[in-house]
Amino acid sequence: REKTHIFTTYFYKRLTTRPTIKNKSQHHPVEDDPNLSPAEKRYDRVRKWTKKVNLFEKDFIVVPINEHAHWFVCVICFPGQLGCVKADDGTPCDTPASQANRAAN
């Protein structure tokens, strides 16, 4: 259990939904900042959700998703792993040709 982190069902919605502002004439300090990328804005939305856990130390991250009355689950495997490794012993290996083209794009 300590190698797996399971987010609540609200995490994905918070990650993908721009926060609302009560006074529509005001600008949101993060969402309306043209110097921030979309990824930086999404991270800011959920920054506090992950401050007590290092996700890159986990083996699996589970994100339940509910969109348009349909349920999905996203399982992120070994988020801290860099490059290809053999599953049986964890030693580095060459990137498969089918994946090498993806990394270049």
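Accessible areas here come from the Shrake-Rupley method with a 1.4 Å probe. By that reckoning, the protein exposes about 8800 Å², and carbon and sulfur atoms supply 54% of it. Welcome to this structure, which is a predicted model. The protein has 105 residues, of which 18% count as buried. Its secondary structure comes to 3 helices and 3 strands. The points below go from the overall form to the core, the surface and the charged pairs.

**Overall form**

- Read from the N terminus on, the elements of the protein follow the order β-α-α-β-β-α.
- The radius of gyration of the protein is 18 Å, well over the 13 Å that the globule rule gives for 105 residues, so the protein is more spread out than a compact globule.
- The C-alpha trace spans about 55 × 35 × 30 Å along its principal axes.
- Among contacts with a separation of 6 or more, 48% are between residues 24 or more positions apart.

**The nonpolar core**

- The largest nonpolar core has 8 residues, namely Phe7, Phe11, Val46, Val53, Leu55, Ile61, Val63 and Ile65.
- Strand 2 gives the most to this core, with 3 residues.
- Val46 is one of the core residues, and beyond its neighbours within four places in sequence it is in contact with Phe11, Arg14 and Leu15.
- Phe11 therefore appears twice in this picture, as a member of the core and as a contact of Val46, where contact means heavy atoms within 4.5 Å.

**A nonpolar patch on the surface**

- Phe60, Val73, Val75 and Phe78 make a nonpolar surface patch of about 350 Å².
- Phe60 belongs to strand 2, which covers residues 60–67.
- Patches are made of residues with over 30% relative accessible area, and Phe60 has 31%, so it is partly exposed and passes that cut-off.

**Charged pairs**

- Side chains of opposite charge can pair when their charged atoms come close.
- The structure holds 3 salt bridges.
- In one of them, the side chains of Asp32 and Arg18 meet at 2.7 Å, N to O.
- This pair links distant parts of the chain: Asp32 and Arg18 are 14 residues apart, and each is in the loop between helix 1 (10–16) and helix 2 (38–46).
- Asp32 is partly exposed at 32% relative accessible area, and Arg18 is also partly exposed, at 40%.
- Another salt bridge joins Arg45 and Glu31, whose closest N and O atoms are 2.8 Å apart.
- Here too the pair links distant parts of the chain, with Arg45 in helix 2 and Glu31 in the loop between helix 1 and helix 2, 14 residues apart.
- Arg45 is buried, with a relative accessible area of 12%, and Glu31 counts as buried at 6%.
- Both values fall under 20%, the cut-off for buried, which is why these two charged residues are classed that way.
- Arg47 and Asp44 also form a salt bridge, with their side chains meeting at 3.1 Å, N to O.
- Arg47 counts as partly exposed at 37% relative accessibility, and Asp44 counts as partly exposed at 25%.

Terms used:
Residues numbered from 1 in each chain as written. Predicted model: local features only at pLDDT ≥ 70, side-chain atom pairs only at ≥ 80, totals over all residues. Heavy atoms only, no water. Patch = residues over 30% accessible without salt bridge, like charges linked within 9 Å, V, L, I, M, F, W, Y side chains within 5 Å. Salt bridge = Lys/Arg side-chain N within 4 Å of Asp/Glu carboxyl O. Helix = DSSP H or I, 4+ residues; strand = E, 2+ residues; numbered from the N terminus. Buried < 20%, exposed > 50% of the residue type's maximum accessible area, 1.4 Å probe, protein only. Rg over C-alpha atoms; globule rule 2.2 N^0.38 Å. Core = buried A, V, L, I, M, F, W, Y, C linked by side-chain atoms within 4.5 Å.
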